[in-house]
Amino acid sequence: MSRYSFLLSSRWLKYIAMTIVVVVACVFLALWQKDRRAERQHEIDTINANYSAAPVDIGAILPTTSATLDADDEWRPVSLTGQYLTADTVLARNRTVNDKVGFYVVVPFRLTSGETIAVVRGWVPEAESVPEAPSGEQTITARLKIAQDGSEDTNPAGMIKAIDPARIPGMDDAYANVYAEEADVDATAGLTPLPEPDVNPGNHLSYMLQWFAFGIMIIIAVSISARRERRATAEALGTDAGEAEYVVVDKAALDAGAKMTQPGSRYGRGRFVTPSARGRDEADEDELLEERFRSR
């Protein structure tokens, strides 16, 4: 019988099944963190490539107002010429800058070509402290962002939660899937510039390695437990992994008067049967055994 046949017992089959489930879960979570790390690294690469690039005409990126902004074009600066529609200003609530919660000031910007795009002019701490946008024709630089979905938001008058062009008044012939964040905010005008995007890669790599390590440790722990149980079972049955020793008794030699005092006695190889080494009782027993063989 195999030394590991106990692994087919119902108890060990349950252990093995649970081990497989847990290890598969660890591998799945590790691969998920690996994918998240790749996605985050792609975002960082996009920010680094686009954030400080030279501004281009918006038509070079979005040929129509219904066009969707490609993820690789997010944060691209564009040059916009037109005027702010100050009367349609709204505040995007619950926006944090420098660890303070406040509002983004969002104003429709009508281009000289007739289209409208939502522009985030900056951040304010209070809804009552919103400065008016400059009047007349303006040329600004702004960075494109993918529009947010605010279709299910309940918004108080003059406020929005998601920056969704469809929920902003005054957006006639609007770019429906994007908005823009103004790049050159005048802090002296009462607005706080928006912070630069975060390029911290996060802890996805360490989490991935931890999940792989957990899976490996579980396999090692179950393997050690199986080896310990095999060893304990072998010792209990007297079949430990040690080498078995056998003794051959030469009856003819005993009849001729040989003594069982050399190594390889009935007590095992390398053990001597003498009164001083093994005790008087064992020596007497050997003498009795020799006499019995001689009498035959």
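How many bridges join strand E1 to strand E2, and do the two run parallel or antiparallel? Select residues 56–57 for E1 and residues 77–84 for E2: 2 bridges join them, and the strands run parallel. Within this pairing, Val56 has Val78 as its bridge partner in E2. Keep in mind throughout that the model is predicted.

**Stop 1: the other partners of E2**

Leave E2 selected and add strand E6, residues 138–146. E2 and E6 pair in the antiparallel sense, over 6 bridges. To find one place where they meet, select Pro77, which stands opposite Arg143 in E6.

Arg143 is worth a second look. Its charged end sits over the ring of Tyr51, at 3.7 Å from the ring centre.

Now add strand E4, residues 100–111. E2 and E4 run antiparallel and are joined by 3 bridges. Here Gln83 is the residue to select, with Arg110 of E4 opposite.

A further arginine can be found at Tyr84. Arg121 lies over the face of Tyr84, 5.5 Å from the centre of the ring.

**Stop 2: strand E8**

Select residues 178–182, which form strand E8. Are the residues of this strand buried or exposed? Of its 5 residues, 5 are buried, so the strand is largely enclosed by the rest of the structure.

In a regular strand, side chains alternate between the two faces of the sheet. Show the side chains of E8 to see which way each one points. Val178, Ala180 and Glu182 point one way, while Tyr179 and Glu181 point the other way. Both groups are buried.

Next, bring in the strands that pair with E8. Strand E5, residues 116–124, pairs with E8 in the parallel sense over 2 bridges. E6 is joined to E8 by 5 bridges, and these two run antiparallel. Ala180 takes part on both sides: Val119 stands opposite Ala180, and Ala180 is also the bridge partner of Leu144.

**Stop 3: Val106 and Val119**

Select Val106, in strand E4. Its relative accessibility is 0%, so Val106 counts as buried. Beyond residues up to four places away in sequence, Val106 touches Asp88, Thr89, Val90, Ala92, Ala118, Val119, Val120, Ile163 and Ile168.

Take Val119 from that list and draw a distance between the two C-alpha atoms. Val106 and Val119 are 13 residues apart in sequence and 5.5 Å apart in space.

What does Val119 contact, leaving aside neighbours within four places in sequence? The contacts are Leu80, Tyr84, Val105, Val106, Val107, Phe109, Ile140, Ala180 and Glu182.

**Stop 4: the nonpolar cores**

Val119 also leads to the largest nonpolar core, which has 26 residues. To mark this core, select Ile58, Leu62, Leu80, Phe109, Ile117, Val119 and Leu144, the residues with the most contacts inside it. E2, E4, E5, E6 and E8 each supply at least two residues of this core. Which strand gives the most? E4 does, with 5 residues.

A second, separate core has 15 residues. Tyr104, Val120, Ile160 and Ala174 are among them.

**Stop 5: aromatic pairs**

Finish with the rings. A search of the whole structure finds 5 aromatic pairs. One of them is Trp12 with Tyr15, an edge-to-face pair with 5.3 Å from centre to centre and 80 degrees between the planes. Both residues lie in helix H1, residues 10–50, where they are 3 residues apart, about one turn of the helix.

Colour these two by accessibility. Trp12 is buried, with a relative accessible area of 3%, whereas Tyr15 is partly exposed, at 35%.

Another pair to select is Trp211 and Phe214. Their ring centres are 5.6 Å apart and their planes stand at 85 degrees, so this pair is edge-to-face. Trp211 and Phe214 are 3 residues apart in helix H2, residues 204–236, about one helical turn. Trp211 counts as partly exposed, at 29% relative accessibility, and Phe214 is partly exposed with a relative accessible area of 36%.

For the last selection, return to Trp12 and Tyr15 and add Phe6. Ring pairs link Phe6, Trp12 and Tyr15 into a cluster.

Definitions and conventions
Residues numbered from 1 in each chain as written. Predicted model: local features only at pLDDT ≥ 70, side-chain atom pairs only at ≥ 80, totals over all residues. Heavy atoms only, no water. Helix = DSSP H or I, 4+ residues; strand = E, 2+ residues; numbered from the N terminus. Buried < 20%, exposed > 50% of the residue type's maximum accessible area, 1.4 Å probe, protein only. Contact = heavy atoms within 4.5 Å. Pairing = 2+ DSSP bridges. Core = buried A, V, L, I, M, F, W, Y, C linked by side-chain atoms within 4.5 Å. Phe/Tyr/Trp six-rings, centres within 6.5 Å; stacked < 30°, edge-to-face > 60°. Lys NZ or Arg CZ within 6 Å of the ring centre and 35° of its normal.
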